[in-house]
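Let's take a walk through this one together. Keep the viewer open and click along as we go.

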Amino acid sequence: MTDHHYALDLAWQGNRGTGTSGYRDYDRDVRLTAAGKPDLLGSADPTFRGDASRWNPEELLLAALAQCHLLSYLHSAVSHGVVVVAYDDSPVGTMAQIGQGGRFTSVTLRPRVTVADAGMVETAREIHAEASRNCFIAASVSFPVGHEPVIEVAAG
């Protein structure tokens with residue numbers, strides 16, 4: 001087993017002068033930084049008094065799952081001789097709020113994959129399961145991550 005370590009800095013930017021003196025008295029804005037990378041501006045979901053123009057944790061979780069699946073999928077494609085020429089995704093997730101907390105109950109990835117040749121379509125569809133098993137983020141969550149892939153053949 002090999003351990004990999006990750007680090008970043010998070011700074012709350014929401015003190016309007018009175019800190020958390022009341023629920024409506026502070027902003028949920030944060031800045032995420034890591035050496036050599038652009039800053040990422042975050043907040044809460046607007047439902048929870050956040051700034052809609054900033055990334056919220058729920059969106060970042062969807063992004064992490066979708067990006068991890070993409071990277072695992074591309075590796076599987078190479079291993080199986082599938083030439084992927086385009087890939088995009090529009091993941092959706094469901095979170096159930098329970099009192100002040102809650103949890104995600106499901107995420108569905110909806111990747112659209114374009115392959116170089118019609119003979120690759122079936123394998124391209126099948127390797128989504130392998131990519132899911134190999135995705136570090138999907139393996140770390142306690143809710144189901146489903147897949148609704150669409151496979152197309154490049155025009156040519």
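Which residue does Asp 27 meet in a salt bridge? The partner is Arg 16, with N and O 2.6 Å apart. One thing to keep in mind before going further: this is a predicted model.

Both residues of that pair sit in the loop between strand S1 (9–12) and strand S2 (30–33), so the salt bridge ties together parts that are 11 residues apart in sequence. Neither side chain is hidden away: Asp 27 has 26% relative accessibility and counts as partly exposed, and Arg 16, at 47%, is partly exposed too.

That pair is one of 5 salt bridges in the structure. Stay in the loop between S1 and S2 and you'll find Asp 29, whose side chain meets that of Arg 54 at 3.8 Å, N to O. Arg 54 belongs to the loop between strand S3 (40–42) and H1, so here the link joins parts 25 residues apart in sequence. Are Asp 29 and Arg 54 buried or exposed? Both are buried. Being buried takes a relative accessible area under 20%, so Asp 27, at 26%, falls on the other side of that cut-off. Asp 29 and Arg 54 aren't on their own, either: together with Asp 51 they are linked in a network of salt bridges.

One more charged pair is worth a click. Arg 31 forms a salt bridge with Asp 39, and their closest N and O atoms are 3.0 Å apart. Arg 31 is partly exposed at 29% relative accessibility, and Asp 39 is partly exposed as well, at 41%.

While you're around the loop between S3 and H1, stop at Arg 49. This residue has a positive phi of about 70°, although it is not a glycine. With a relative accessible area of 36%, Arg 49 is partly exposed.

Now for the sheet. Strands of a sheet pair through backbone hydrogen bonds, either parallel or antiparallel. Here, an open sheet of 3 strands runs in the order S5-S6-S8, with mixed pairing. Strand S5 (92–98) and strand S8 (145–147) are the edge strands, each pairing on one side only. On average, and ignoring direction, neighbouring strands in this sheet are turned by 20° against each other. To see one of the pairings up close, follow S5 and strand S6 (residues 101–109), which are antiparallel over 7 bridges. Look for Ala 96, for instance: its bridge partner in S6 is Arg 103. Lying across S5, S6 and S8 is helix H1 (residues 57–79), which runs at about 35° to S6.

Next, the nonpolar interior. In soluble globular proteins, nonpolar side chains tend to be buried together. The largest nonpolar core in this model has 12 residues, including Tyr 73, Val 82, Met 120 and Ile 151. H1, strand S7 (112–115) and helix H2 (121–134) each supply at least two residues of this core. Which element gives the most to this core? That's H2, with 4 residues.

Val 115 is a handy place to look at the packing, since it is a member of this core. Leaving aside neighbours within four places in sequence, Val 115 is in contact with residues including Val 82, Val 84, Met 120, Ala 124, Ile 151 and Val 153. Apart from this core lies another, of 11 residues, among them Cys 68, Ala 138, Phe 143 and Val 145.

How values were computed
Residues numbered from 1 in each chain as written. Predicted model: local features only at pLDDT ≥ 70, side-chain atom pairs only at ≥ 80, totals over all residues. Heavy atoms only, no water. Pairing = 2+ DSSP bridges. Axes fitted to C-alpha atoms, helices over the stretch in contact; angles between N-to-C directions. Contact = heavy atoms within 4.5 Å. Core = buried A, V, L, I, M, F, W, Y, C linked by side-chain atoms within 4.5 Å. Buried < 20%, exposed > 50% of the residue type's maximum accessible area, 1.4 Å probe, protein only. Salt bridge = Lys/Arg side-chain N within 4 Å of Asp/Glu carboxyl O.
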